[in-house]
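Here is a friendly walk through one protein model, written for someone who would rather be at the bench. Have the sequence and the 3D view open as you read.

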Amino acid sequence: MRTILLLAATALALSGADAPKSVRLYVLDCGRLAIDDPARLGFKKEQLKTVDLSMGCYLIAHPKGTLFWDTGAVPDSYLKPGMAKASLTYGTITKSITSQLAAVGYAPKDINFLAISHYHWDHIGNANLFAGATWLTPKIERDLMLAGKSDSRYPENYSLLKNSKFTVTDNKTGEYDVFGDGTVILKATPGHTEGHTSLFVKLKNSQPVVLSGDLYHYPEEVTTGIVPPIDVNKDQTTKSRKDLDAYIKKQKAVLWIQHDLLQFEKLKKAPQFYE
Ligand SMILES: [Zn+2]
């Protein structure tokens, strides 16, 4: 009897790392986008310090559960054992999300919540890994994705989400408090897509972070105000940027532009974390 109890306790402990005492933010490397011509983002090469883009994925481990934010372009399954890298069109990965999560002590099935900044292909690549999580999503993004009306390129990479539990994050305040304590907040920042979302993470010992999805791609968008021609509503993007900027100032937060390669390269990567 005693042995059985001990075995049960061991099994529990192995289903995901122990919950941390305070919020942890893990940065995962979801590869790189090789950009031949940045014109579709509104720039000429000579206006930019770096043309290629990083792809960041993020695990937020909260005392009450886990949230995975954005899932890259290239599915883990493309990276077969022994391969140094794998590509999908102009996206390339050298590491899987699964291996990076394992280094922290989690499997994709352990993750409680999935949120995606928006439906573009370079953010939904591994959404299927998290089909067992509760999908936190604006209604419009889910509706467009499941109706096949979003510009996602590879809908097969999120097809399992159609059966996932989900919670609609829309409300009048434009903010959705994931764990109910103000530390992890999804913020509506529409414009790039209809329901584009950013993420605020408050940490105990470091500056709060705002992960801005694709509200910006290059830091030069912050300084010039240039909005990519591909945005579904450019005026809305400009307004979302203004609103988010005011929020960042109020929260004394730091802006992390997920595609900003130079900034991304400087961040601590999982299994290291910010707390
Ligand atoms: Zn993107």
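How many residues lie between β2 and β3 in the hairpin that they form? There are 2 residues between these strands. Before going on, a word on the source: this is a predicted model, in which local features need pLDDT of at least 70 and side-chain atom pairs count only at pLDDT 80 or more, while totals for chains, interfaces and linings use all residues. Residues are numbered from 1 along each chain as its sequence is written, and side-chain values use heavy atoms, with hydrogens and water left out.

**Around strand β3**

Strands here are DSSP runs (E, at least two residues), and helices are runs of H or I with at least four, numbered from the N terminus. Two strands pair if DSSP finds at least two bridges between them. β3 has two partners to look at, listed below.

| Pair | Sense | Bridges | A facing pair |
|---|---|---|---|
| β2 and β3 | antiparallel | 5 bridges | L59 and F68 |
| β3 and β6 (residues 113–115) | parallel | 3 bridges | L67 and F113 |

Strand β3 (residues 65–69) is mostly covered, with 5 of its 5 residues buried; buried means under 20% relative accessible area, exposed over 50%, and partly exposed in between (1.4 Å probe, protein chains only). G65, L67 and W69 point one way from β3, whereas T66 and F68 point the other way.

**The nonpolar cores**

A nonpolar core is a set of buried Ala, Val, Leu, Ile, Met, Phe, Trp, Tyr and Cys residues joined through side-chain atoms within 4.5 Å. The largest one holds 43 residues, and L28, L59 and F68 touch the most other members. Elements giving two or more residues to this core include β1 (24–33), α2 (97–104) and α4 (139–146). β2 gives the most, with 5 residues. Apart from neighbours within four places in sequence, the contacts of L59 (heavy atoms within 4.5 Å) include L28, L67, F68, L101 and I111. A second, separate core of 22 residues includes I60, V178, V184 and W256.

**A five-stranded sheet**

Elsewhere, 5 strands make an open sheet of mixed pairing, in the order β9-β10-β11-β12-β13. Its edge strands, β9 (175–177) and β13 (254–256), each pair on one side only. Within the sheet, β11 (residues 197–201) and β12 (residues 209–211) run antiparallel and are joined by 3 bridges; one facing pair is V201 with V209.

I185 lies in β10 (residues 184–188). This residue counts as buried because its relative accessibility is 8%. Leaving aside neighbours within four places in sequence, I185 is in contact with residues including Y176, L199, F200 and Y247. I185 and K202 are 17 residues apart in sequence, and their C-alpha atoms are 8.7 Å apart in space.

**The zinc site**

Which residues hold the zinc ion's protein donors? They are D122 (OD), H123 (NE2), D214 (OD) and H259 (NE2), at 2.0 to 2.2 Å from the ion. Donors are N, O and S atoms within 2.8 Å of the metal (3.2 Å for Na, K and Ca); water is not among the atoms, so sites may look incomplete. Along the chain, the donors follow the spacing D-H-x90-D-x44-H.

The angles among the 4 donor atoms run from 89 to 162°, and the site is irregular. Two of the donor residues can be placed by their accessibility: D122 counts as buried because its value is 7%, and H123 counts as buried because its value is 2%.

Conventions
Four donors count as tetrahedral if all angles lie between 85 and 135 degrees; four count as square planar and six as octahedral if opposite donors are over 155 degrees apart and all others between 65 and 115; anything else is irregular.
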